[in-house]
Amino acid sequence: MLLTLHIIIASAWLGLVAGETAMELSAKGRETKGFVAQVHRTIDIYIEGPLMALTLITGSILLWEIWPAASALLLIKVAA
């Protein structure tokens, strides 16, 4: 259950980052870039920050549950 939640939260975070990237790349004019910067800041504070924190918390709990039997590959993924 926790693993499923972790995957959902991490996927939402990565999807949000992809959406923000698309939004930034589509901004052309000076006024549009200013608006995109304001929206990006709001999204970072209220959505991306909590998603990042939840990903870190659920991932830490999952790692704690299997420690010290974590494989080298898993530790590389965590470090990345």
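A residue counts as partly exposed when its relative accessible area lies between the buried limit, under 20%, and the exposed limit, over 50%. The structure discussed here is a predicted model, and this definition gives a convenient way into it. P50 has a relative accessibility of 37% and is therefore classed as partly exposed. This proline belongs to helix α2, which covers residues 30–66. In sequence P50 stands 26 residues from E24, and their C-alpha atoms are 21 Å apart in space.

The relation of helix α2 to helix α1 may be considered next. Helix α1 comprises residues 2–26. The axes of α1 and α2 come within 9 Å and cross at roughly 155°. Angles over 145 degrees count as roughly antiparallel, and the two helices are therefore roughly antiparallel to each other. The crossing in which α1 passes α2 is left-handed.

Two residues of α1 illustrate its contacts. H6 is found in this helix, and with a relative accessibility of 18% it falls under the 20% limit and therefore counts as buried. When neighbours within four places in sequence are left aside, H6 is in contact with T55, T58, G59 and L62. Between H6 and T21, which are 15 residues apart in sequence, the C-alpha separation is 23 Å.

E20 also lies in α1. What is the charge environment of this buried glutamate? E20 has no salt bridge, and the nearest side chain of opposite charge, that of R41, is 11 Å away. A salt bridge would require a side-chain nitrogen of Lys or Arg within 4 Å of a carboxyl oxygen of Asp or Glu. Not counting residues up to four places away in sequence, E20 touches H40, I43, D44 and E48.

Beyond α2 the chain enters a loop between α2 and α3, where P68 is found. The peptide bond leading from W67 to P68 is cis, with omega near 5°. In general, most peptide bonds are trans.

Helix α3 spans residues 72–79 and includes L75. Is L75 buried, partly exposed or exposed? Its relative accessible area is 34%, and L75 is therefore partly exposed. Apart from residues up to four places away in sequence, L75 touches L63, W67 and A70. W67 is thus a contact of L75 as well as the residue that precedes the cis bond to P68. L75 may also be related to I7: the two residues are 68 positions apart along the chain, and their C-alpha atoms are separated by 17 Å.

Key
Residues are numbered from 1 along each chain as its sequence is written. This is a predicted model: local features need pLDDT of at least 70, side-chain atom pairs count only at pLDDT 80 or more; totals for chains, interfaces and linings use all residues. Side-chain values use heavy atoms; hydrogens and water are left out. Helices (H or I, at least four residues) and strands (E, at least two) are DSSP runs, numbered from the N terminus. Buried means under 20% relative accessible area, exposed over 50%, partly exposed in between (1.4 Å probe, protein chains only). Lys and Arg count as positive and Asp and Glu as negative; His and the chain ends are not counted. Contact means heavy atoms within 4.5 Å. Axes are lines fitted to C-alpha atoms, for helices over the stretch in contact, and angles run from 0 to 180 degrees between N-to-C directions. Angles under 35 degrees count as roughly parallel, over 145 as roughly antiparallel, 65 to 115 as roughly perpendicular and the rest as oblique. A crossing is left-handed if the near helix is turned anticlockwise from the far one by less than a right angle, and right-handed if clockwise.
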